[in-house]
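User: I'm new to reading protein models, and I'd like a close look at a single part: the largest pocket. Could you walk me through what lines it and what goes on in the parts around it?

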Amino acid sequence: PSPSQWVRDQVRNYEASGGREANTLLDTGIPVIIVTSMGARSGKVRKTPLMRVEKDGCYALVASQGGAPSHPRWYYNLRSHPDLVTIQDGPQPGDFSVRELEGSEREHWWQLAVAAFPPYAEYQKKTTRRIPVLLASPSPVSPP
């Protein structure tokens, strides 16, 4: 579980309600998804609510950490285990693969992210690091 009580509560309530409750960032009304990954060092399951930036079944995962000077821990989890990612956006989670975006593809998804959550633009101004944008794409379904 997250060290932050509000994150633990949000994840628990989101999952327990099938995404009907705790599905926005605190009281903002802005939707979130739950990203499940494996800890880069610990190997433990980690669950993180992130802003919902979705297009055609893919999700932008923005490692902003509010414009802090360092990347959030979940960024390293996804980089270490890009094929062990689950995203819940509603009642059922799905399996995803993640990759970091560069160039015009990053810029396209960054613009979508800022449209979904305008504070991202301010977060980028607060830090000298380039905020990573990762793309989560559905994992291919294996034949039975």
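Analyst: Let's start with a bit of vocabulary: Ala, Val, Leu, Ile, Met, Phe, Trp, Tyr, Cys and Pro count as nonpolar, Asp, Glu, Lys and Arg as charged, and the others, Gly among them, as polar. Keep in mind, too, that this is a predicted model.

With those groups in hand, here's the pocket. The lining of the largest pocket divides into 18 nonpolar residues, 10 polar ones and four charged ones. That lining is made of 32 residues, and the ones nearest the centre are Thr48, Gln65, Pro72, Arg73 and Trp74. Four elements each give two or more residues to the lining: α1 (5-16), β2 (45-51), α2 (73-80) and α4 (119-126). Of the contributors, β2 gives the most, with six residues. As for the space inside, it comes to about 960 Å³.

Now let's go through those elements, beginning with β2 and α1. Lys47 and Glu15 form a salt bridge, and their closest N and O atoms are 2.7 Å apart. Since Lys47 sits in strand β2 and Glu15 in helix α1, the pair ties together parts that are 32 residues apart in sequence. What's behind a pairing like this? Side chains of opposite charge can pair when their charged atoms come close. How open are the two partners? Lys47 counts as partly exposed because its relative accessibility is 32%, and Glu15 counts as partly exposed too, at 30%.

Next up is the loop that follows β2. Arg52 lies in the loop between β2 and β3 (54-55), while Asp89 lies in the loop between β5 (85-88) and β6 (93-100), so this pair ties together parts that are 37 residues apart in sequence. Their side chains meet in a salt bridge of 2.7 Å, N to O. Asp89 is partly exposed, with a relative accessible area of 26%, and Arg52 is partly exposed as well, at 30%.

Over in α4, there's a pair within one helix. Glu122 and Lys125 both lie in helix α4, three residues apart, which is about one turn of the helix. Their closest N and O atoms are 3.5 Å apart in a salt bridge. Glu122 is partly exposed at 46% relative accessibility, whereas Lys125 is exposed at 64%. Going back to Arg52 and Asp89 for a moment, salt bridges that share partners join those two and Glu54 into one network. Across the whole structure, a search finds seven salt bridges.

That leaves α2, where the buried residues include Trp74, Tyr75, Asn77 and Leu78. Looking down the axis of α2, its buried residues fall within an arc of 160°, so they line one face of the helix. What do these buried residues pack against? Their partners are β1 (32-38), β2, β4 (58-62), β5, β6 and β7 (133-138).

One of those strands, β7, deserves a quick stop, at Val133. Val133 is buried, with a relative accessible area of 0%. Leaving aside neighbours within four places in sequence, Val133 touches a set of residues that includes Ala60, Leu61, Arg99, Trp109 and Trp110. Val133 and Glu102 are 31 residues apart in sequence, yet their C-alpha atoms are 8.2 Å apart in space.

Methods:
Residues are numbered from 1 along each chain as its sequence is written. This is a predicted model: local features need pLDDT of at least 70, side-chain atom pairs count only at pLDDT 80 or more; totals for chains, interfaces and linings use all residues. Side-chain values use heavy atoms; hydrogens and water are left out. On a 1 Å grid over the protein atoms alone, a cavity is a set of points where a 1.4 Å probe fits but cannot get out, and a pocket is an open set with protein on both sides within 12 Å along at least five of seven lines; lining residues have an atom within 4 Å of a point. Grid points are joined across faces, edges and corners, and a volume is the space filled by probe spheres set on the points. A salt bridge is a side-chain nitrogen of Lys or Arg within 4 Å of a carboxyl oxygen of Asp or Glu. Buried means under 20% relative accessible area, exposed over 50%, partly exposed in between (1.4 Å probe, protein chains only). The arc is that of the directions from the helix axis to the C-beta atoms. Contact means heavy atoms within 4.5 Å.
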